[in-house]
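Good morning, colleagues. Please take a moment with the sequence and the fold on the screen before I go through selected features in turn.

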Amino acid sequence: MPLLKCFTWCSGRRHDLKSQLDDVDDYENVQGEESDEERIDCDDKNTSHHNGTKLVYFACETPQQRIIDLLRSINNSVETFTIEKDCVDYIRPIINKVFLIIDGLPPMTLIEAIESLKQIDSVFFYAPYSDIIAEIGEQEHDYLVNLCETENRLLHSLRKSLVELDKHTVTLSIYNKKDTAIRDLSKETGSYLLFQLFIHLLKNMPKTAQAKKDMITVCRNYYRGNLTELKNIDDFDQTYKSVDAIPWFTKRTFVDKFINKALRTEDIEVLYQCRFYIMDLSEQLEIKFLEQKKKQKDVLKIYRGLKLSHDELVNFQNSIGNLIATNEYLLTSSERSVAYNFATKSAKNEDVVRALFEYHVDLNVVQKIVIADIREYSAFPEEAEVLVDVGAVFQIDSCEYNAEDDLWHIQMHATDQGADSAAEYVEYQKKKMAESNISLMFGNLLLENGEYAKAERYFDTILNCSNPNDEEIACIFFNFGRTHRLKGDFNRAIKCYNRAYNLHMSARPKRLASAGKTLNGLGVVYSEQGRQLRAEEFFQRAMKLYKKSIPKNHVDVAGTLINLGTLDYDRQDYDQAAFKYLKAKKIYDSSLPPGHPNHALPRVNLGNVYLATEDYTKACEEYEVALKLQQISLPSNHPEIAHTLHNLAIVKTHLGNVEQAKQCLE
C-alpha cells in the first residue's frame with residue numbers, strides 16, 4: 001500500500017477535469033461578440049443531441065420534405081405523422097422531452113389530445129397567422145407555444161428552445177439534488193466552518209449589476225415554462241430595490257423557494273449565483289433585528305410546524321444535547337397556534353410524522369443570531385412570521401411524543417456555542433479578506449474546499465468579465481497554476497505560474513512575497529514531476545524572496561519549509577525532514593487560529609517520517625492528531641481526510657490492528 005505524502009496546499013491529487021483553457025495565451029485575447037443567432041447555432045451543436053429531446057413532425061395535410069430536412073439539420077431523428085391517433089400514441093410512452101412541430105392549421109381534437117401529454121415541452125405551429133392559432137397561443141398550457149410563420153423563424157425557435165431546455169435541465173439537476181436544511185455540528189464542524197466563511201464572503205462581495213443578472217438568469221432557466229413565476233421574475237428584475245428584500249421573501253413567489261433551495265444544496269457555485277439577493281436579505285434582517293433589540297431584551301419563543309420522515313425523527317431523538325446549524329433562512333411564527341395548525345392540518349401519512357418545533361432565543365445571552373419579526377411586510381400578517389438568518393445555531397433540548405395530538409414536540413434553544421468555535425478561524429480569514437481582493441478570495445476558498453473545476457470556471461469568469469488590474473491578473477494565473485497542477489496538467493501549470501511570476505517581478509515596486517509564493521508553486525510542480533533538484537532550486541529561491549519581504553514566522557515560510565522537508569524525506573534524510581516539519585509546526589502554532597486546516601500538514605508529514613523509520617506508535621499518534629484537526633476544519637468528504645485515513649491504515653496494519661485498518665480504508 002503506497003504512502004500518500006503531503007505538500008502544502010497539495011497532496012499528490014490527480015483529478016481528470018476538463019480544462020477551460022485551450023492555450024494559456026488565449027487569455028490575452030478579447031472575445032468577439034456574437035449575434036444571438038450565431039450563439040444559439042453554436043450551442044445547439046452540443047445541445048440537440050445530448051439532452052435526448054425528440055422531434056415529432058405532424059403534417060395537417062401533406063408532409064413537406066423541405067421541412068423534414070430542416071428538422072433533420074437539428075436532429076437526425078425526426079418522426080413524421082399525418083394521423084392524430086398515431087402521433088399521440090407514439091408520444092404517450094416517451095420518457096424524454098418532446099418538441100411537437102405542427103405544420104398547418106391543427107384540428108381542435110389534436111390540441112385536446114396533447115393537453116395531457118406531460119412529455120411535450122414545446123409546440124411549434126408552422127402556419128400563416130390565423131385567429132385559431134393566436135387563440136391557442138393565448139391560452140395556458142403545460143407546454144410552451146411557439147408561433148412560426150416562416151421557415152427561418154421555425155429554425156430559430158427550435159434552436160433557441162433546445163438551448164433553453166438544456167439550460168433548464170442543467171439548472172434543475174443542480175438545484176434539485178438532495179439538500180439539507182440543518183447541519184449536525186457534532187459530525188460536521190468542518191463543513192459548518194467553511195459554510196460560515198462562504199456566507200460571510202457572499203455578504204461582503206461587491207454589489208454589481210452582473211450579480212443581479214446572474215441570479216435572474218439562473219432563475220429564468222430554472223422556472224422555464226412556469227408562466228406565473230416567469231412573470232414574477234420579470235417584476236423582480238424591473239422593480240426590485242435592496243430595501244424590498246424582506247417583502248419579496250414574504251410574497252411566496254420564486255424568491256423564498258429558490259433562495260432556500262440554493263442554500264440547502266450547500267453548493268458554493270450555486271450560492272455564488274444567488275449572492276445578489278442573499279447580501280440584501282441578510283443586511284435588511286440585521287437592520288430590522290437591531291431595531292427590535294432596542295425594544296426587546298427577554299426570551300423569544302418562536303414555532304414551526306413540519307412533516308418529518310421517520311429517519312429525520314430518529315436523528316432528532318438520538319441528538320439530544322447536540323448542536324445543529326440552519327442551512328437556510330428559517331421562517332417561523334411567534335404564535336404557537338399558527339405552527340400547530342400547520343403541523344396538524346393535513347391528513348395522516350404513514351411515511352411522515354407531524355412535528356411542532358419550539359425555539360427559545362434569549363437575547364440577553366445569545367449574541368450571534370439575527371432574528372426579525374417580519375409580519376409588517378407579510379401578505380399574511382395573522383401568521384406573525386419571524387425570520388431567522390442563515391447559520392443560526394441551536395441546541396436540541398428534547399424530542400417527545402404527544403399521543404393526544406399525535407404530534408412530536410421538539411424543543412431547542414439558540415446558542416453561540418457553535419459560532420464561537422468557528423469565530424477565531426472566521427476572524428482570521430476576514431483579516432485575510434481585508435488585505436486582499438474579496439472576489440479572488442472566493443476562488444481561493446473553492447480551491448481549499450476541493451472544488452477545482454468550479455474554481456477554474458470562477459477565475460476564468462473574473463479574468464474575462466471583471467476588468468482585473470495587473471496584480472489581480474497575476475493572482476488569477478497563480479491560481480490557474482494551482483488548478484492545473486491539482487489535475488496533473490504540469491506543463492500548463494508551469495506556464496501559468498511563470499506568467500504570474502513575471503507579472504509580480506515586473507511590477508514597480510516588485511511584489512516579492514507573491515513572487516516567492518509562485519516560485520514555491522513551481523517547486524511543487526517540479527517535485528511531482530520527479531525533478532527534485534529543480535524543485536529544491538525553486539523552493540530555495542522562494543525562501544530568499546521571503547527573507548526580503550515577509551517575517552520569518554510567516555505561514556508562507558512554513559509552507560515552503562514543509563516542501564523542503566518533503567524533499568529531504570524523499571532522500572531518506574529523515575532527521576532533516578523532521579527538523580523542517582517541526583519548525584513549520586511551530587510557525588503554524590503561533591500564526592494560525594486553532595481551527596485552521598493547515599495545522600494538520602506538519603503532523604501528517606511527521607507521521608510519514610515516523611512510519612518510514614518504523615516508529616509505528618509515534619506515526620499513529622501524529623496521524624490521529626492530524627485526522628482530528630482535519631475533521632474539525634474540513635468537510636467530511638474532503639480528500640485530505642481520505643489521504644490521512646489511508647496512511648493511518650498502513651500504520652494500523654503494522655501495529656497488528658487489522659480491523660481498525662479496514663475501518664480506516666472503508
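The sulfur of Cys-664 has its closest cysteine sulfur in Cys-620, at 8.2 Å, which is too far for a bond. The reverse holds as well: for the sulfur of Cys-620, the closest cysteine sulfur is that of Cys-664. I should say at once that this is a predicted model. A disulfide is a covalent bond between the sulfur atoms of two cysteines. The cut-off applied here is 2.5 Å between the sulfur atoms, and the structure holds 0 disulfides. Both cysteines of this pair are buried: Cys-620 has a relative accessible area of 8%, and Cys-664 has one of 12%.

Let me turn to the chain as a whole. It contains 28 helices and 14 strands. Of its 666 residues, 52% are buried. Among contacts with a separation of 6 or more, 70% are between residues 24 or more positions apart. The exposed area comes to about 31400 Å², with carbon and sulfur atoms supplying 48% of that area.

Next, helix H5, residues 131–138. Which residues of this helix are buried? They are Ile-133, Ala-134 and Ile-136. Viewed down the axis of H5, these buried residues fall within an arc of 160 degrees, so they line one face of the helix. An α-helix has 3.6 residues a turn, so residues three or four places apart point the same way. On the other side of H5, Asp-131 and Glu-138 are exposed. And what covers the buried residues? The cover includes helix H4 (108–114), strand S4 (120–126) and strand S5 (144–148).

Helix H4 brings us to Ile-114, which lies in that helix. Its relative accessibility is 0%, and Ile-114 therefore counts as buried. Leaving aside residues up to four places away in sequence, Ile-114 touches Val-88, Leu-100, Ile-120, Val-123 and Tyr-143. Of these contacts, consider Leu-100: the two residues are 14 apart in sequence, and their C-alpha atoms are 9.7 Å apart in space.

I now move to internal voids. The structure holds 2 cavities of 30 Å³ or more. The second largest has a volume of about 40 Å³. Its lining consists of Phe-289, Gln-292, Lys-293, Gln-296, Leu-300, Leu-363 and Ile-371. Which element gives the largest share of that lining? Helix H13, residues 275–295, does so with 3 residues.

Finally, some points of backbone geometry. The peptide bond from Arg-508 to Pro-509 is cis, with omega near 0 degrees. Pro-509 sits in the loop between helix H20 (490–506) and helix H21 (512–528).

Two residues other than glycine deserve mention for a positive phi. Arg-252 has a phi of about 60 degrees; its place is in the loop between helix H10 (245–250) and helix H11 (254–265). With a relative accessibility of 39%, Arg-252 counts as partly exposed. For Asp-406, phi is near 50 degrees. Asp-406 lies in the loop between strand S13 (393–402) and strand S14 (407–414). Is Asp-406 buried or partly exposed? Its relative accessibility is 22%, and buried requires a value under 20%, so Asp-406 counts as partly exposed.

That concludes the features I wished to present. Thank you for your attention.

How values were computed: Residues numbered from 1 in each chain as written. Predicted model: local features only at pLDDT ≥ 70, side-chain atom pairs only at ≥ 80, totals over all residues. Heavy atoms only, no water. Helix = DSSP H or I, 4+ residues; strand = E, 2+ residues; numbered from the N terminus. Buried < 20%, exposed > 50% of the residue type's maximum accessible area, 1.4 Å probe, protein only. Contact = heavy atoms within 4.5 Å. Areas by Shrake-Rupley, 256 points an atom, 1.4 Å probe, with all protein chains shown as cover. Arc of directions from axis to C-beta. 1 Å grid on protein atoms, 1.4 Å probe; cavity = no way out; pocket = protein on both sides within 12 Å on 5 of 7 lines; lining within 4 Å. Points joined across faces, edges and corners; volume = space filled by probe spheres on them.
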